Amino acid sequence: MFHVRYRGQFGDVEGELTDGERLPLMRLRYGGSAHRWGLAIHTPSDRTAFAGPAAQ
């Protein structure tokens, strides 16, 4: 199961394991229009594997 929380221009996506534990998967950032988004992928080691600015 996936859970999405919205806070301002950010959307945090978490995955829920069968035991109820939630793990962060990614964060989306709204860049002001339907064509401008940023993305960060979470990893267990450092929590962010890639973070990029909103595409222009």
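The following is a working chat about a predicted model of a protein.

Colleague: To begin with the overall fold, how many helices and strands are there in the protein?

Modeller: The protein has zero helices and five strands. Read from the N terminus, the order of elements is β-β-β-β-β.

Colleague: And what percentage of the residues is buried?

Modeller: Of the 56 residues in the protein, 18% are buried. The protein exposes about 4300 Å², and 59% of that area is supplied by carbon and sulfur atoms.

Colleague: What share of the contacts comes from residues 24 or more positions apart?

Modeller: Among contacts with a separation of 6 or more, residues 24 or more positions apart account for 2%.

Colleague: Let us turn to strand pairing. How many bridges join S2 to S3?

Modeller: Seven bridges join S2 to S3, and the two strands run antiparallel. Within this pairing, Val-13 stands opposite Met-26 in S3. S2 and S3 form a hairpin with five residues between the strands.

Colleague: Which residue in that turn has a positive phi?

Modeller: Gly-20 in the turn has a positive phi of about 95°.

Colleague: What about S3 and S4, parallel or antiparallel?

Modeller: S3 and S4 run antiparallel and are joined by five bridges. Leu-28 has Leu-39 in S4 as its bridge partner. This hairpin has six residues between the strands, and Gly-32 takes a positive phi near 110° there.

Colleague: Changing topic: how many salt bridges does the structure hold?

Modeller: The structure holds five salt bridges. Side chains of opposite charge can pair when their charged atoms come close. One of the salt bridges joins Asp-12 and Arg-27, at 2.7 Å from N to O.

Colleague: Which strands do Asp-12 and Arg-27 lie in?

Modeller: Asp-12 lies in strand S2 and Arg-27 in strand S3, so the pair ties together parts that are 15 residues apart in sequence.

Colleague: Is Asp-12 buried or exposed?

Modeller: Asp-12 counts as buried because its relative accessibility is 8%, under the 20% cut-off. Arg-27, at 31% relative accessibility, counts as partly exposed.

Colleague: Which residues are linked in a network of salt bridges?

Modeller: The network links Arg-5, Glu-14, Glu-16 and Arg-22. In the salt bridge between Arg-5 and Glu-14, the closest N and O atoms are 3.7 Å apart. The side chains of Arg-22 and Glu-16 meet in another salt bridge, at 3.9 Å from N to O.

Colleague: Why does Glu-14 count as buried?

Modeller: Glu-14 counts as buried because its relative accessibility is 13%, and buried means under 20%. Several other members of the network are partly exposed: Arg-5 has a relative accessible area of 39%, Arg-22 is at 42% relative accessibility, and Glu-16 is at 29%.

Colleague: Where is Glu-14 found, and which residues does Glu-14 touch?

Modeller: Glu-14 is found in strand S2, which covers residues 10-16. Leaving aside residues up to four places away in sequence, Glu-14 touches Met-1, Phe-2, His-3, Arg-5, Arg-22, Leu-23, Pro-24 and Leu-25. Arg-5, listed among these contacts, is also the salt-bridge partner described above.

Colleague: Now the surface. Which residues form the nonpolar patch?

Modeller: Leu-28, Tyr-30, Trp-37, Leu-39 and Ile-41 form a nonpolar patch on the surface, with about 400 Å² of accessible area together. Strand S3 (22-30) and strand S4 (37-41) are the elements that give two or more residues to the patch.

Colleague: Which element gives the largest share?

Modeller: The largest share, three residues, comes from S4. Two patch residues, Leu-28 and Leu-39, are the bridge partners mentioned earlier.

Colleague: Tyr-30 interests me. Where does Tyr-30 lie?

Modeller: Tyr-30 lies in strand S3. Tyr-30 is partly exposed because its relative accessible area is 35%, which falls between the cut-offs of 20% and 50%.

Colleague: And Ile-41, in which strand is Ile-41 found?

Modeller: Ile-41 is found in strand S4. With a relative accessible area of 33%, Ile-41 is partly exposed.

Colleague: One last distance: what separates the C-alpha atoms of Ile-41 and Pro-24?

Modeller: The C-alpha atoms of Ile-41 and Pro-24 are separated by 8.7 Å, and the two residues are 17 residues apart along the chain. Pro-24 also appears among the residues that Glu-14 touches.

Definitions and conventions:
Residues are numbered from 1 along each chain as its sequence is written. This is a predicted model: local features need pLDDT of at least 70, side-chain atom pairs count only at pLDDT 80 or more; totals for chains, interfaces and linings use all residues. Side-chain values use heavy atoms; hydrogens and water are left out. Patches are made of residues with over 30% relative accessible area and no salt bridge: like charges are joined within 9 Å, nonpolar side chains (Val, Leu, Ile, Met, Phe, Trp, Tyr) within 5 Å. Accessible areas come from the Shrake-Rupley method with a 1.4 Å probe; for residues, only the protein chains shown count as cover. A salt bridge is a side-chain nitrogen of Lys or Arg within 4 Å of a carboxyl oxygen of Asp or Glu. Helices (H or I, at least four residues) and strands (E, at least two) are DSSP runs, numbered from the N terminus. Buried means under 20% relative accessible area, exposed over 50%, partly exposed in between (1.4 Å probe, protein chains only). Contact means heavy atoms within 4.5 Å. Two strands pair if DSSP finds at least two bridges between them.
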